[in-house]
Amino acid sequence: MTASSTFGLSSEARNLQWLLSNLVDEVPGLLSVAVVSSDGLLLLSSDPGQNVGPAAPSVRQDGPKGSSADLATIVSGLASLTEGAAKLMDGGGVKQTMIAMESGSLFVMSISDGSLLGVHGSPDCDMSVVAYHMALFVGRAGHVLTPELRSELRKSLESAL
């Protein structure tokens, strides 16, 4: 997506980009953030090459292998595994998944219609702060992430590649 094509996005798409940018800017220790559709496709990310223009989220170089596509794949697979586990355990829907690793953390939270928010955090990030800000993002983004907006975001990412 070029800077000029950013202006062609709907106000809802620009607002969602702004929300993602705020999440990345306000929470220390975030390495990569991705919004993923229910079918595992990347819709929005904090990677520098994915969102270009004035409403683009801040540049972060360190994601899983530096790629938001990798984070989207991981988030989608993890969500599928946790949903399967929840069904086997009669636990209801999965609201949030958190993995603490030696060199970082991974958080996945449901947004709406199966869409997901995935966050890769540094080892020293405050997990409660990350979870809180993710919940704020989900609360603000959930009602605007319509099928039409998801389609618009997919098309804008495809045109950027």
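Helices (H or I, at least four residues) and strands (E, at least two) are DSSP runs, numbered from the N terminus. This is a predicted model, where local features need pLDDT of at least 70, side-chain atom pairs count only at pLDDT 80 or more, and totals for chains, interfaces and linings use all residues. Residues are numbered from 1 along each chain as its sequence is written, and side-chain values use heavy atoms, with hydrogens and water left out.

**View A. Helix α3 from end to end.** Meet α3, with 21 residues running from 68 to 88. From first C-alpha to last it reaches 30 Å, close to the 30 Å expected at 1.5 Å a residue (that is, 1.5 Å times one less than the number of residues).

**View B. The two sides of α3.** Ser68, Leu71, Ala72, Val75, Leu78, Ala79, Thr82 and Ala86 are buried (under 20% relative accessible area; exposed is over 50%, partly exposed in between, with a 1.4 Å probe and protein chains only). Looking down the axis, these buried residues fall within an arc of 140°, so they line one face of the helix (the arc is that of the directions from the helix axis to the C-beta atoms). Over on the other side, Thr73, Ser80, Leu81, Lys87 and Leu88 are exposed.

**View C. Just past α3.** Here sits Asp90, with a positive phi of about 50°.

**View D. Around Leu16.** Skip the neighbours within four places in sequence, and Leu16 is in contact (heavy atoms within 4.5 Å) with Leu44, Phe137, Ala141, Val144, Leu145, Leu149 and Leu153.
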